[in-house]
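Reader: Hello! I am new to this structure and would love a close look at a single part of it. Could you pick one strand and walk me through its surroundings?

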Amino acid sequence: MNETELAYMSIAEQAKLIEKKELSPVDLIQTYLDRIEKWDGVLHSWITVCADQALKQAKQAEADIAKGNYKGPLHGIPFGAKDQITTGDVPTTMASIIMPDFGEGMTATAVSNLENAGAILLGKNNMHEFGKGSSVNFHHGEPKNPWNIEREPSHSSTGSGVSVSAGLVSTSLGEDTGGSIRGPAWANGVVGIRPTFGRVSRYGGIMYAWTQDTIAPLTRTVADNALVLQAIAGYDEKDPLSSDRPVPNYADTFTKDLKGVKLGLVREMSVGQELHPDVEKMLNKTLDVLRSLGATVEEVSLPKVKYAIPLQLLTSDPDCAAVYLRKYLRPYWDKFDVGTRTRLAAAALVPATIYNRAMRGRALVRNQVFDALKKYDALITLMNFEPPLKIEDSVEKLDKKEDLATRMYKGRRICTYPFSVANVPAMSVPSGYTDEDVPMSFQIAAKPFDEAMMYRIGHAFEQATEWHTRHPDLEKTLGPALKSAAE
Amino acid sequence: MDLTKDDVRNLAKAINLDIPEGDLNTVALRLSSLIEMMDQLEKDLGDELDNVDPIPPVYPREEF
């Protein structure tokens, strides 16, 4: 096993070796530190790397395991956290330059849960400033897609998607309000889930869209994703909106086939749209695989999902702006990126009557999604109608109304926002590559708290395909940029 | 709806936010786009919006 093979292993594979004492957590951490040192000058997927702390904890884990005190499949496994998720003494920058640490000593419950399971914090992942997904200029370097640095790595939990895809860490916790986990998962070819609102404690995440924010993992396989969610899901007295429903054992629901599973293919988020030829080809192959596994697939129309984008921007953004206005926008306007500050300012000016009407609109979208989920076990959509865009095309143009409106209605948002405003779980699963070797994914959404169904479908699909076994060849994709930077 | 820079400046005054001249146009474009989309939604679904409660973030019932 060479260093690259180890870096790209799934958590499940790494855990087996650690449990059998054939792999030391110290060696695993060091492998990732070496790769970060080599590649992250181009990828910019980390803001803080806590090497000394991580190595110290890895040595402790190694000693504990040697003594027979193995905690389980996350013991000794390194993880990253989007830099808006608090991590005690390790600073939380929000990818901002307003202050060096917004964390105030807090540790997010999701982070504590992972650490209690034996996982080791490797560092904090780069992101769009304040997680708003509208950064034009990045204060900590612009994250790059490891498959092709000229293509977008998508928005918000960007460093989390990049670092997991590039084999710089085993998993990373992201945050998804409108698609900030699923988007980077899609663009970088990894698995990303938005859990049901309330399934994972929001405590310690610095995020103010109080009706939509979720914390969850990005991983290289569906099974890994279920493993990490298993560790962080559940009621938390520190989050009054977290749910006390029991958390099922997700791995117990995995099946080789999907016999009896009824899937609804949402027209407005797939076949009913103008699709890039590579995406259309991928969708057809994906549906063939799902059918070959025994699932039935029927088209379903959800016409109200087309309103999801304004509904989110008129509700969650004002919720965030209500906090940012007093604390940061008024006193630190010039220290914000122009994309972030103008988005937050516009949100701060949304009249309360419009906010209320938009919250009513979200109920209508949710009801339509629920109605469909009464008929189907899960809904299937694309993650985008086209592959990841060239970077220059993915950045918001701020000087023309037409550009803004077009961007709002097209692209990833129309595929991710509907399930966010409806507060149902959804997951992005890699399902193909373009002729230029850029990742593409499809999305599975399920009833509230039925993450198990999404994992069952995603896992069966993964076992029937080989997409999850493909990883970027960094020497090929980043080598020239690295060489050029060194000259 | 096309909000002008003056419109935005005046709205911002109500929340004690001083938006620099260089950013006013972008904020105006963003807010105009959002309100325009909401206008369309009102045209399409206005009656339905009157007859539904705003969304609660959590689920009050066991059945979905």
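Author: Happy to help; here is a walk around one strand, followed by a short look further out. Please keep in mind that this is a predicted model.

Let us start with strand 4 of chain A, which spans residues 171-176. Six of its six residues are buried, so the strand is largely enclosed by the rest of the structure. The cover lies on both faces: A:Thr171, A:Leu173 and A:Glu175 are buried on one side, and A:Ser172, A:Gly174 and A:Asp176 are buried on the other.

Now for the strands that pair with it. Strand 2 of chain A, residues 78-82, pairs with strand 4 of chain A in the parallel sense, over three bridges. Strand 6 of chain A, residues 214-219, pairs with strand 4 in the antiparallel sense, over five bridges. A good place to see this is A:Ser172: this residue is the bridge partner of A:Gly80, and in strand 6 of chain A its own bridge partner is A:Leu218.

Stepping away from the strand, you can look for the largest nonpolar core, which has 148 residues. A:Ala378 and A:Ile444 touch the most other members of this core. Helix 2 of chain B, residues 21-50, gives the most to the core, with nine residues. Leaving aside residues up to four places away in sequence, A:Ala378 touches A:Leu263, A:Ile444, A:Ala445, A:Ala446, A:Met453, A:Met454 and A:Ile457.

Finally, the two chains meet in a contact that takes 43 residues from chain A and 32 residues from chain B. On the chain A side, helix 13 brings the largest share, 13 residues.

Technical notes:
Residues are numbered from 1 along each chain as its sequence is written. Chains are lettered from A and ligands numbered from 1 in the order in which they are written. This is a predicted model: local features need pLDDT of at least 70, side-chain atom pairs count only at pLDDT 80 or more; totals for chains, interfaces and linings use all residues. Two residues are in contact if their C-beta atoms, placed from the backbone, lie within 7 Å. Helices (H or I, at least four residues) and strands (E, at least two) are DSSP runs, numbered from the N terminus. A nonpolar core is a set of buried Ala, Val, Leu, Ile, Met, Phe, Trp, Tyr and Cys residues joined through C-beta atoms within 7 Å. A residue is buried if 20 or more other C-beta atoms lie within 10 Å of its own, exposed if 12 or fewer, and partly exposed in between; C-beta atoms are placed from the backbone. Two strands pair if DSSP finds at least two bridges between them.
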